[in-house]
Amino acid sequence: MMNLAKSQSKWCHFDHRRRRHHRRRNSQTDTVQESRNKTNSPNMAPTYYKTSPIIPTFVVFFFLVTSSVFPVHSYDFNLANETFRPTEELQKLQMIRAHLEKINKPSTKTIQSPDGDLIDCVLSHQQPAFDHPQLKGQNPLESPETPKGENPDEMVSENHQLWSLSGESCPEGTIPIRRTTEQDVLRASSIQRFGRKIRRPIRRDSSSNGHEHAVGYVSGQEYYGAKASINVWAPRVANQYEFSLSQMWVISGSFGNDLNTIEAGWQVSPELYGDSYPRFFTYWTSDAYQTTGCYNLLCSGFVQTNNRIAIGAAISPRSSYKGGQYDISLLVWKDPKHGNWWLQFGSGPLVGYWPSFLFTHLRNHANMVQFGGEVVNTRPSGTHTLTQMGSGHFSGEGFGKASYFRNLQVVDWDNSLIPVSNLRVLADHPNCYDIRGGINNVWGNYFYYGGPGRNVRCP
């Protein structure tokens, strides 16, 4: 019924950092020093200091000397309105570098991605997961059998990640890990919150703390996994503190502090990655995003077994309005033999697994599965954000214009994939982002979703 046109997509957006330097100009009557940031914080206004001729010369000399000894570095830890303290800045950088040494493991090979990422090939048994006390000294498990009921004739998209298009790959026995930089950490609100979602209510309502959703979901039974094909776009994100994502949630718990989730999909997050590319991501938590869990491989948890897929890397190609359409197929399911939750990307080898001991309720099964989009709305200037969800167009525009999820399935108690039943759809703010579902013989259960954010009906 619908064929996805395949074509090469070129990436042409690169992140250009600006560097600013100190300049000094002297005149007969005034001494003016202009201090400018050396970081990528273009919003910091230059500061001018003037000294009158009646001020003793030694004061000017002392100021110039101290400025050269302690050059001002302003980073993104909300310091714009704070007094600069060089000792605290130094301690912060030391903490960041210690954290980077912990999560950036020694590599046997490094691959330069066209988008600027560095992909390190790390020995499988040295990946961050094995820093966990319950995994120390172990090796990754062998892949289990996938659930019964997968359709071999189903149209699937193979791995298309930007870093691998050069033909480079990681050797057997290693896994590709996107290298985390100082700038990545500096964009976070704190070192402790780096790589973690903000704690928020999971229930889908209009008071969801700035997070807005358009989702399809099933509940009321025991679920042992989920599968979907997710249309990939590059939605506009209005500022660094917002994101736009499309994902699956496998959920269990009481929706209180004991909430367990496993999440996978694609996201555009300038704060986490420093750019506007759609990137493959994972997430997990066992306490409602409080102290456990993280994105990708930024903490001990997810065990990667695949040497061809880098979690957190940019996806290529991506869909275009009235043009080629591309999607990624994701499957998450619980291995009935060992109880671990496995992840598959496309139709190739499995990506890896979340050990069952990471969770409480998900050690048994899930009680809800959700599919759909989420954005953060910080309400800049008191109005709704312009951050887009999906393609940035409403669901009514349909194929080639609106973003979609298709072939929605769940895994039952018998480790079999079955179509979802009683799918319900919900949009927090349908004038900003909406959703509409359907079913046919080609796509099975599906829905279109998304929107532009602020518009005449969404002020």
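The following exercises, each with a worked solution, concern a predicted model of a single structure.

**Exercise 1. Confidence**

Determine what average pLDDT the chain has, and over which residues pLDDT stays under 50.

Solution. Begin with the chain as a whole: the average pLDDT is 83, and 78% of the residues score at least 70. Next, locate the stretches of low confidence. Residues 1–82 stay under 50 in pLDDT, and the model has 123 contacts beyond four places in sequence for them. Residues 152–157 also stay under 50; for this stretch there are 11 contacts beyond four places in sequence. Finally, apply the general rule: where pLDDT is low, predicted coordinates should not be read in detail.

**Exercise 2. The sheet of six strands**

State in what order the six strands of the open sheet stand, and which of them are the edge strands.

Solution. First, read the order across the sheet, which is 11-10-9-16-7-19, with antiparallel pairing. Then take the two ends of that order: strand 11 (279–285) and strand 19 (424–427) are the edge strands, each pairing on one side only. As for orientation, neighbouring strands of this sheet are turned by 15° against each other on average, with direction ignored.

**Exercise 3. The partners of strand 7**

Find how many bridges strand 7 forms with strand 16 and with strand 19, and name a bridge partner in each.

Solution. Consider strand 16 before strand 19. Strand 7 (residues 211–223) pairs with strand 16 (residues 366–376) in the antiparallel sense over 10 bridges. Within this pairing, Tyr223 has Ala366 of strand 16 as its bridge partner. Turn now to strand 19, with which strand 7 shares four bridges, again antiparallel. Here the bridge partner of Val215 is Leu426 in strand 19. As a general principle, strands of a sheet pair through backbone hydrogen bonds.

**Exercise 4. The sheet of three strands**

Describe the order of the three-strand sheet and identify which residue stands opposite Asp120.

Solution. The order of this open sheet is 4-5-6, and its pairing is antiparallel. The edge strands are strand 4 (109–112) and strand 6, each of which pairs on one side only. Neighbouring strands of this sheet are turned by 25° against each other on average, direction ignored. Now examine one pair: five bridges join strand 5 (residues 118–123) to strand 6, and the two run antiparallel. Asp120 stands opposite Ile177 in strand 6.

**Exercise 5. The largest cavity**

Establish how many cavities of 30 Å³ or more the model has, and what lines the largest.

Solution. The count comes to three cavities of 30 Å³ or more. The largest cavity holds about 140 Å³ of space. Its lining is made up of 15 residues, and Arg178, Thr180, Asn296, Leu297 and Leu298 lie nearest its centre. Strand 6 (174–178) and helix 4 (270–273) are the elements that give two or more residues to this lining. By character, the lining residues of the largest cavity divide into nine nonpolar, four polar and two charged.

**Exercise 6. Backbone exceptions**

Locate the cis peptide bond, and state in which loop Ala288 is found.

Solution. Recall first that most residues other than glycine have a negative phi, and most peptide bonds are trans. The cis bond joins Ser316 and Pro317, with omega about 0°. Pro317 lies in the loop between strand 12 (303–304) and strand 13 (327–334). Ala288, a residue other than glycine, has a positive phi near 60°. Ala288 is found in the loop between strand 11 and strand 12.

Definitions and conventions:
Residues are numbered from 1 along each chain as its sequence is written. This is a predicted model: local features need pLDDT of at least 70, side-chain atom pairs count only at pLDDT 80 or more; totals for chains, interfaces and linings use all residues. Side-chain values use heavy atoms; hydrogens and water are left out. On a 1 Å grid over the protein atoms alone, a cavity is a set of points where a 1.4 Å probe fits but cannot get out, and a pocket is an open set with protein on both sides within 12 Å along at least five of seven lines; lining residues have an atom within 4 Å of a point. Grid points are joined across faces, edges and corners, and a volume is the space filled by probe spheres set on the points. Ala, Val, Leu, Ile, Met, Phe, Trp, Tyr, Cys and Pro count as nonpolar, Asp, Glu, Lys and Arg as charged, and the others, Gly among them, as polar. pLDDT is the predictor's confidence in each residue, from 0 to 100. Contact means heavy atoms within 4.5 Å. Two strands pair if DSSP finds at least two bridges between them. Axes are lines fitted to C-alpha atoms, for helices over the stretch in contact, and angles run from 0 to 180 degrees between N-to-C directions.
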